[in-house]
Structures are given as C-alpha cells and as structure tokens.
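Trainee: Could you walk me through this one at an easy pace? I'd like to start with the charged pairs.

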Amino acid sequence: MTNVPDFLPALPEILMAAGAMALLMWGVFRQCDARETGIGAIGLFVLVGALLLIEPNEAVQTFGGMFVVDSFTKFMKLLILIAAAAAIIMSFGFIRHEKMNRFEFPVLIVLATLGMFMMVSANGLIALYMGLELQSLALYVIAAFHRENARSTEAGLKYFVLGALASGMLLYGASLVYGFTGSVQFTAISGVLTAEGPNIGVIFGIVFILAGLAFKISAVPFHMWTPDVYEGAPTPVTAFFGGAPKVAAMALILRVLFGAFPALEDQWQQIIVFVSIASMVLGAFAAIAQTNIKRLMAYSSISHMGFALVGLAAGTPEGVRGVLIYLVIYVVMNVGVFCCILAMRRKEGYVESISDLSGLSTNQPMLAFLFAMLMFSLAGVPPLAGFFGKFYVFMAAIEAGLYPLAVIGVLSSVIGAFYYLRIVKIMYFDEAAEPFVQPLPGELAAVLGVCSVFTLLFFVYPAPLILGAQTAVGALLP
Amino acid sequence: MIATAIAFYLFAAITVAAGFMVIAARNPVHSVLFLILAFFNAAALFVLMGAEFLALILVIVYVGAVAVLFLFVVMMLDIDFSELREGFLQYLPVGALVGIILLIELLLVLGAWVIAPEAASIAASPTPAITDIDNTRALGHIVYTQYVYPFQAAGLILLVAMIGAIVLTLRHKPNVKRQVIADQVARTREQAVEMKKVEPGQGL
C-alpha cells in the first residue's frame, strides 16, 4: 500500500489549475469577454504570487521525488508569473481592436503558465514531459488564436508540427536515459551516472533531450520556427512567447543539466558552447536584413538566448547566477519593447514594419525616447540594464577560462548593436511618417513605464535582484 | 511453456504483418482495418505478459474509439490518396538514404549499449509482485497516490486540447433559429392567438 503524497508543496500549482477551470466556467456561463477573464487571471496570478512569497525557502520534494520546490523554483516562478501577467495586461487593447475578444485567451495563458510552473518544478523525466506538453499545447492554440487571419493560423500550425517533432526527440532521449539508468528521477539518474561515468547511450540521450529543450528556447540550430511564429502570431502572444516560455525552458535546462547530469559536465558543456555561439552569431547577422519589427525581435531573442547560455556554458555558480539575472533583465526589456510595438497602431489597424516607425520622435517624442532607450539596453549599452545582464554572463565565462566564447559573444553583441541602433536612427533622423493613434491605452503605458524605469535605473540598486539570484543558485548548485 | 512461445510468435508475426499492411494497402479503409487487426494482436501480446488491464484498455480505447474515428474520417473526407502518393517514388532515394544512415547510427549506439548495473534494482517496479495482486488492482493503488501528479497533469493537458479544439473551430453563426423548449412551453394563449373580428362581405 502506498501512502497519499504530500500535496502542500504544490499548492500554488493546484490553486492555479483550480483557478483556470473556475475562470473557464465563469467565461462560459457569463458569456463574458476577454477583459473580464483577463482581470480574473491577473487576480489569480497575484494570489499565486503571494502564496509563492510566503512559502518557506528550503528544498522540499514530493510526489515520490517527481516535484521539487526550493528557492530556485520560487525565483523562476515569480519571474514567469510577472511575464505572464504583463502579457495579459498588454493584450487588452489588442484583442478589442482585432476582434479576437474571446474569454478563452486569458484562460489559455493561465494554463500555459501552469505548465511552465510544472516545468520549473519538475524533478523527473515524466514530470518534465507533462509540464512541457501542457505549456506547449496551450501555446500552439494561442499562436493560432486569431483564426480569421491566415498568418496566425499558419504560425500555430507551424509551431505545432515542429513542436511535436521536438517533443518526440526529447522523449527519445528520455527513453535512452531511462534505459541506461533505470530511473526517471533526476536524483537517481545523477547517482547512477556519478558511479558509472559517461556512456555512449546516455550521451545520445542528453543530446536528444537538449535538442528538444533547445527548440523551446529557440536556440540555433533549432530556431527555424521562431521568426515565422513571432511574425504570424498576434502581437501580445508574441510578447508572451518572448518572455515566460523562454524562462521556463531555461529553468528546465538548468535543472536537467545540474540535477540529473552533473557527472557528464564535460560532455554537455561542448553542446552548450556550440549552441550558444551559433545562436549569438546567427541572431546578430540574420536580424540585419529584417524589415518587420516582430521578425527582428525573433532574431533578437535567438541571440539573447545565446548570450544567456554563455553563463550556463561556464558551469559555475557565478555563471548560473548570470543566467538568472540575464533572464530577468531580458524579460523586462522584451515586455517593454513589445509595449512599444503594440503602440504602433494607425486608424486602419496595427502596423509592424520598421519603416512605419520613421520620424516617431517628432510625432511622439516620449514613446520614441523610451523605445530608443530599450533598444540601447537590448544592444547592451551601459549604464542600462541590458549591459549588466551581458556583463555577468561574460565575466563568468572569462573566470571559467572560456575566452573564445566570451570574445565571440562580445563581437556578436557589437554586430547586434547595429540593427538596434538602426531603429533609433529611423525614429530620430528619418522623415516623419503618418502618426500613430494617440494616446496609448492606460494599461499599456503603465507596463511600459514600469519596464522603462527598471531598465533605466537598474544600475542604481541592483542588490535585491543579485541577492535573489544568488539564493536561487544556492538551491540548484549546492 | 511451448504454447506461450507459439502464441507469442503468432501474435507478434500478425502484428508486424498487419502493421506493414497499414502502410502498404492501397485503399485507406483497408489500412484502418489492418490497424485494428494490429491493435488486437498487440492486446493479445499484453495479455501474454500478464498485463490484462493494458490489453483491455488498448482494445476499448484504440479499437473502440480511435480506430472507428479514423474510419469515419477516412470515409467522410474525400482525399485522393493516389495523388498524395504521387511524389513517393521521387522522394524515395533521399528518404531511404536518410533512413539507412539513421539505422546504421542507431545500430552503432546499440552495439555499445550497456545498462548500468544498478539500473535493474532502481527500476524494480513500484508495485507488488504479480503473484500477490493482479495488475489492475496494483495500477489502481499507485495511479491515485504515487502517480497522482502526472495523472492529473495528463488530465489538464486533455482539457487544454479540448479548449483548443473549441476555440479554433467553434463558430457561433448569427441568424440560426434554434428550438428553445422553455420558451415554447412558456408561451401563453394571449401571445399565440389573436381574435379578429371579420366584417361580413369585407374579406380579410
């Protein structure tokens, strides 16, 4: 007879699942629009966030070791929660104007967020896969949410087919690892591998698992879907894709590599170094020729994931701390930039080509300033937040002796600066185009304000974030 | 023992043959029927292993629901399968090359394959031995306790799939008149019948 496991550590997840179902029922029976369920979803996020904050910090495992809660999961979950809430707030105006005002939208975001929570807390291959599928399935649906629009439908379908392929690779790798070690639990896998050392089958398994996970963070060579999906999906959905899922998948990569395969660090480090360099370089070069701002952000996110992986390649606690700080800063900048993109609306609808931005500084000087500031931050110009993100990961890489990686990273960051600065040039020095609809919706302006203040003033008081990341790393790398 | 071996080879051979016919049959309806045959034989293999619960689930879920659904879809959609196959020969060389390379690579990996010595003890089933308790009962004991987390997560995934299907396909058409029985019942004589006084010789 087995006993009933302890459900208490999973309370935030249970609350979120119950809340999602309650919101769904509320939407169906009240026949309400997305705004109402959206506000409900944000209320739910606030509750879950409060629960997370009052949870104790020490590591707890439950459900037979499948589910883990510690300060690392807490840090990541709070970040995901903030990114998801921002995406819902930003979507209010868009779904009203674009006639996709259906109550399921926030509910699907809540369910995707729940999947991300499960990914972050996963401590076994089965739990990993379950969380990943819950998240991905919800994301496929919201990518195609604008079903009257052929590009949105295409984005959803493309994402679905390629995502299914990635899941298949991940499962194949997981089965190889299980076949060798006889366990699906990370702690047990790590125990066997520490005793046995590397083995060709397990290395194959790690390669396949990493391929599946690299797809989720859109790292090269598994990035092909990113530009098309970013361009086709409705803009608030793209904003969501750029933030929370990347954080969750990165958390999963960290947990898998340090939780299950610390004994094979030499082997996976090569893979991470390669993926990191390829992402940085491809992201920097491919973005130059883009004319659509969402496609540009897709390549930008590819290169940013490459930068974040630099810290992981170092494999040290400082490196992982760098990854966490990088993710926080990246998410905030990403949300801010997408607020600016959502402000690009003319009377006839939303526009997304870079040339539409020309002369923004004469029409809307404040928006142009914030957009330019976020672009400088993405490029990594001090003293903006983006610089510190890069600083911490490159420092860790240098301390770990990975000089070529750090040099290539800095070089591709310089190349990347070209296309960010080109946007600034178009906004400030080109002839003014037809102005956008003014003023910005209140909620969009508020989110943009918060992101801008964070980006601009991060250097004044970075201690809380660095301390938080430090504690989180302490739980992951004892 | 010999009977079990014969049964195993019989069922296994039929499963493989039926599986081959699924992709080889020209008529898609025949493919689905062969698929059902493959499912039944796989279920028989499960019974041979002593996993009678899985065997029955396979028959009920896959044959009873999934395969029948396939059959409906194949019969209702007018897909010209010969047209779909047109490019087949053209892509065959490249496809075969990729397949063969992959096969060789997998064989190389499997050749060097070892299983960690601890694996067998770690993998020891979390359920009691088959002699103590039948496996339907054993599964029932752990599905809602030890494995309650993935079990509930699977439920949520199915919920998302359902929401997704409805969100992406359901269209509320305006101007469709539906029968509302409550309204019909609540209708009174005053609403339904109007008395007209007809003057003689005037007509209506």
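Trainee: What is the N to O distance where the side chains of A:Asp430 and A:Lys425 meet?

Mentor: Start with the rule: a salt bridge is a side-chain nitrogen of Lys or Arg within 4 Å of a carboxyl oxygen of Asp or Glu. The side chains of A:Asp430 and A:Lys425 meet that rule, with an N to O distance of 3.6 Å.

Trainee: Before we go on, which pLDDT do local features need here?

Mentor: Residues are numbered from 1 along each chain as its sequence is written, chains are lettered from A and ligands numbered from 1 in the order in which they are written, and side-chain values use heavy atoms, with hydrogens and water left out. This is a predicted model, in which totals for chains, interfaces and linings use all residues, side-chain atom pairs count only at pLDDT 80 or more, and local features need a pLDDT of at least 70.

Trainee: Back to that pair: is A:Lys425 buried, partly exposed or exposed?

Mentor: Buried means under 20% relative accessible area, exposed means over 50%, and partly exposed lies in between (1.4 Å probe, protein chains only). Its partner A:Asp430 comes to 28%, in the middle class. With a relative accessible area of 41%, A:Lys425 is partly exposed.

Trainee: Which helix holds A:Asp228, and which holds A:Lys158?

Mentor: Their side chains form a salt bridge, 2.9 Å from N to O. The two residues sit in separate helices, so the pair ties together parts that are 70 residues apart in sequence. Helices here are DSSP runs (H or I, at least four residues), strands are runs of E with at least two, and both are numbered from the N terminus. A:Asp228 lies in α9 (residues 225–232) of chain A, and A:Lys158 in α6 (residues 150–181) of chain A.

Trainee: How accessible is A:Lys158?

Mentor: Its partner A:Asp228 has 28% relative accessibility and counts as partly exposed. A:Lys158 falls in the partly exposed class too, at 29%.

Trainee: Are A:Arg346 and A:Asp356 buried or exposed?

Mentor: These two also form a salt bridge, at 3.3 Å from N to O. The link joins distant parts of the chain, 10 residues apart: A:Arg346 is in strand β3 (residues 345–346), and A:Asp356 is in the loop between β4 (349–350) and α15 (360–363) of chain A. As for accessibility, both A:Arg346 and A:Asp356 are buried.

Trainee: Now the interface: which residue of chain B forms a salt bridge with A:Glu148?

Mentor: Between chain B and chain A, the rule finds one salt bridge. Its closest N and O atoms are 2.9 Å apart, and the partner of A:Glu148 is B:Arg171.

Trainee: How much area is buried between chain B and chain A?

Mentor: Contact means heavy atoms within 4.5 Å, and 35 residues of chain B are in contact with 45 of chain A. Buried area is the accessible area (1.4 Å probe) that two parts lose on being put together, summed over both. Carbon and sulfur atoms give 78% of it here, and the total is about 3,400 Å².

Trainee: Which helix gives the largest share of the side of chain B that touches chain A?

Mentor: The rule finds four residue pairs in polar contact across this interface (both at pLDDT 80 or more). On the chain B side, α5 (88–111), α6 (119–123), α7 (135–143) and α8 (148–169) each supply at least two residues. The largest share, 16 residues, comes from α8(B).

Trainee: Is A:Lys77 buried or exposed?

Mentor: This lysine lies in helix α3 of chain A. Not counting residues up to four places away in sequence, A:Lys77 touches several residues, including A:Glu13, A:Leu52 and A:Phe67. At 2% relative accessibility, A:Lys77 counts as buried.

Trainee: Which side chain does A:Lys77 join in a polar contact?

Mentor: A polar contact is a pair of N or O atoms within 3.5 Å; within protein, one must be able to donate a hydrogen and the other to accept it, and residues adjacent in sequence count only if both atoms are side-chain atoms. For A:Lys77 the distance is 2.8 Å, and the partner is A:Ser121.

Trainee: Last one: how many of the residues of α8(A) are buried?

Mentor: Helix α8 of chain A covers residues 200–216 and reaches 25 Å from its first C-alpha to its last. At its start, a side-chain oxygen of A:Asn199 reaches to within 2.8 Å of the backbone nitrogen of A:Gly201. Among its buried residues are A:Val202, A:Ile206 and A:Phe215. The helix is mostly covered, and the buried count is 12 of its 17 residues.

Note on methods
Expected span 1.5 Å × (residues − 1).
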